[in-house]
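Reader: I am new to this structure and should like to learn how its features are read. May we go through them one at a time?

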Amino acid sequence: MGSGTRIVIVGGVAGGASAATRARRINEDAEIILLEKDHDVSFANCGLPYYIGGEIEEREALLVTTPARLWERFRIDVRVRHEALGVDPRRRTVSVLERDTGRRYDECYDKLILATGAAPIVPPLAGIDAANVFTLRNLEDTDRIKTAIDAERPRRAVVVGAGFIGLEMVEQLLEREVPTSLVELQDQVLPPLDAEMARPLEEALVAHGVDVRLGSGIAGLASTGGRVTAVELENGERIEADLVLLGIGVRPCTGLAEQAGLALGASGGIRTNEFQQTSEPDIYAVGDSAEVHFGPTGQALRIPLAGPANRAGRTAGEHAASGRAAPAAPVLGTAIVRCLGCTAGLTGLTVRQAERAGLEWASVTVVGRHHAGYYPGAKPLTLKLLYEPREGRVLGAQVAGSEGVDKRLDVIATGLALGATVRDLAGLDLAYAPPFGAAKDPVHMAAFAACNDLDGLVRFLQPDADLAGFQVLDVRSPDEVAAQPLPGATKVVAIPLDELRDRLEELDPTLPTVTSCASGQRAYVAARILTQRGFREVYDLTGSLTLRSRALRA
Ligand code: FAD
């Protein structure tokens, strides 16, 4: 690789800026040109909702760096408002439009890195171009939304799409005291999660007065004088609104790649290898426009998240600058969101994804506390662990709670990346003192339960299982049972756990039996008693009442 390699990068935010600075740190002699069609480079997309809501007070805080700084420190030639219009891989040129002057020119490259990101999906509905309908992708969108809230004091906002950005924006609109409706096509909020794991988020939304409309997409927008006045749903409902925010997903910006004849993958992203090289080895693609290698299934997928984009940029920058780099690690899709005091996230596979990929899976769910229950301030935390049912290889996890969700996700993501089994998780030596966790952390508790399953000590039923044909044993106290019976269960025998050994004759040991309690701990003890007392077929309802009520309502 010649030391004066000319590297041109298209797109100057997460992936592009990472590629540029890594390339410079690897090759001091390279010529590095960064083209960005908009006004800003290297801004914090992930922070945009928090600036709109006021949690981040200064706009400047969103600018991770500036073109001037990138020149001073890295000698990167940043050209903002310069749009790449086309790529000619044969001549190794990029045609560029200088947007402020209209000048067009060709820029040659030895190595080209495409980091063009993704664009919000906008449904083709009448009125969608109205001044009070927004999408959120960059600082210009942010300024528009913030100005609309500041100047127009909306009486009601409708957020369409209950994914990560939609949920963050609902929270920030409430922060700005804008009453908000949330519309989601699926029957649950945060559709990447399994339904019962998203339920705490939905409950938090409702508890904060958000008008949550699930199971219906938008059918149209009513407008007068170029401004939307109401959102019409497919189910015929209508919500008055003077601010509409669309968060229904993104589509990869692959126009340049397609025009240059680069191969796209089945997911619609630009196909890349482990060094982020496309089908043209001197052209790299990173971030939301490219595919990544999804670790749990080995599939090439699009996973539009900041971490993978930054890391892919680093790999591409190094490889473009030196001809070598450590291969990009598989992506696990680890993601997290906070909304109105509730946090939820996932890493690796969900049940839905495992089934779609045709993989065998088993799962346990534990309902615990984010630190030792006896220490003040312990908050509920639900952790669902998916694993391969023979060897116990970890497949994924979902966590919901108000605190400590990130820690559990990151521990399991690390295990997943290293090919851990549930036995490895059970043996992890995690930091513990009462304010931080528990001697048996929820990660351990879930892993212990999974190990018990692998060892044949217990068999779990999923929270939404059909209980017809089972003898259901509820081992809660009579008061607990009276306050909230187990939903979706007939033939329930209620015997408090501490009386079970003395009242076994009330049960038929020949029937398939399911044990349940409030959240799963007593049910497990009961299952062990029954199994050791000769009951033929015993199951433990994972997560018991807590999870079953979430699953059935979901
Ligand atoms: P981007 O960072 O979007 O950069 C692409 C750039 O390319 C853009 O600036 C665009 O103008 C430029 N460009 C495109 N075409 C051209 C062209 N032809 N010529 C010149 N320039 C061009 N991810 C998380 O993991 N966690 C979060 O909490 C999170 N929160 C988010 C919140 C919001 C509001 C948004 C919008 C995204 C969030 N994301 C989050 C996603 C994350 O920001 C993206 O995955 C990441 O920025 C993708 O990086 P990228 O380099 O591929 O694209």
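Author: The turns below take up the nonpolar cores, the ligand, and then several single residues and a helix. Please keep in mind that this is a predicted model.

Reader: Which residues touch the most other members of the largest nonpolar core?

Author: Such a core consists of buried nonpolar residues joined through side-chain atoms within 4.5 Å. Here the largest one has 44 residues, and Leu 383, Leu 385 and Leu 500 touch the most other members. The elements that give two or more residues to this core are the strands β23 (362–369), β24 (380–387) and β25 (394–401) together with the helices α10 (405–417), α11 (422–426), α12 (442–454) and α14 (521–532). The largest share, seven residues, is supplied by α12.

Reader: With which residues is Leu 383 in contact, leaving aside its neighbours within four places in sequence?

Author: Its partners include Met 197, Val 364, Val 366, Val 399, Ile 412, Val 443 and Ala 446. Polar and charged residues also appear in that list, among them Thr 365, Gln 398 and Arg 408. Apart from the largest core lies another, of 41 residues, including Leu 167, Met 169, Met 197 and Leu 346.

Reader: How is the place of Leu 425 to be read, as buried or exposed?

Author: Buried means under 20% relative accessible area. Leu 425 has 2% relative accessibility and therefore counts as buried. This residue belongs to helix α11. Beyond its sequence neighbours within four places, Leu 425 is in contact with Leu 385, Val 394, Ile 412, Val 443, His 444 and Ala 447. From Leu 425 to Ala 450 there are 25 residues in sequence, and the C-alpha atoms are 9.9 Å apart in space.

Reader: Which residues come nearest to the ligand?

Author: Of the 28 residues around the ligand, those that come nearest are Gly 15, Glu 36, Ala 84, Asp 288 and Ala 306. By class, this shell has 15 nonpolar, seven polar and six charged residues.

Reader: What polar atoms of Glu 36 and Ala 84 lie close to ligand atoms?

Author: For Glu 36, a polar side-chain atom lies 2.7 Å from a ligand oxygen. For Ala 84, a backbone N or O atom is 3.0 Å from a nitrogen atom of the ligand. A polar backbone atom of Ala 14 is likewise 3.3 Å from an oxygen atom of the ligand. The ligand on its own has 990 Å² of accessible area, of which the protein covers 89%. Two or more residues of the shell come from each of α1 (14–26), β2 (31–36), β4 (82–88) and α8 (306–322). The largest share, three residues, comes from β4.

Reader: Why is helix α15 described as largely enclosed?

Author: One counts the buried residues of the helix: seven of the ten in α15 (residues 544–553) are buried, so the rest of the structure largely encloses α15. The buried residues of α15 pack against α6 (195–207), β23, β24, β29 (512–516), α14 and β30 (537–541).

Reader: Where does Ser 544 lie, and what is its phi?

Author: Ser 544 lies in helix α15. Its phi is near 45°, a positive value in a residue other than glycine. Ser 544 is buried, with a relative accessible area of 0%. Arg 81 also has a positive phi, near 55°. Arg 81 is in the loop between β3 (77–80) and β4, and with a relative accessible area of 22% Arg 81 is partly exposed.

Conventions: Residues are numbered from 1 along each chain as its sequence is written. This is a predicted model: local features need pLDDT of at least 70, side-chain atom pairs count only at pLDDT 80 or more; totals for chains, interfaces and linings use all residues. Side-chain values use heavy atoms; hydrogens and water are left out. Buried means under 20% relative accessible area, exposed over 50%, partly exposed in between (1.4 Å probe, protein chains only). Helices (H or I, at least four residues) and strands (E, at least two) are DSSP runs, numbered from the N terminus. Contact means heavy atoms within 4.5 Å. A residue is near a molecule or strand if one of its heavy atoms lies within 4 Å of it. A polar contact is a pair of N or O atoms within 3.5 Å; within protein, one must be able to donate a hydrogen and the other to accept it, and residues adjacent in sequence count only if both atoms are side-chain atoms. Accessible areas come from the Shrake-Rupley method with a 1.4 Å probe; for residues, only the protein chains shown count as cover.
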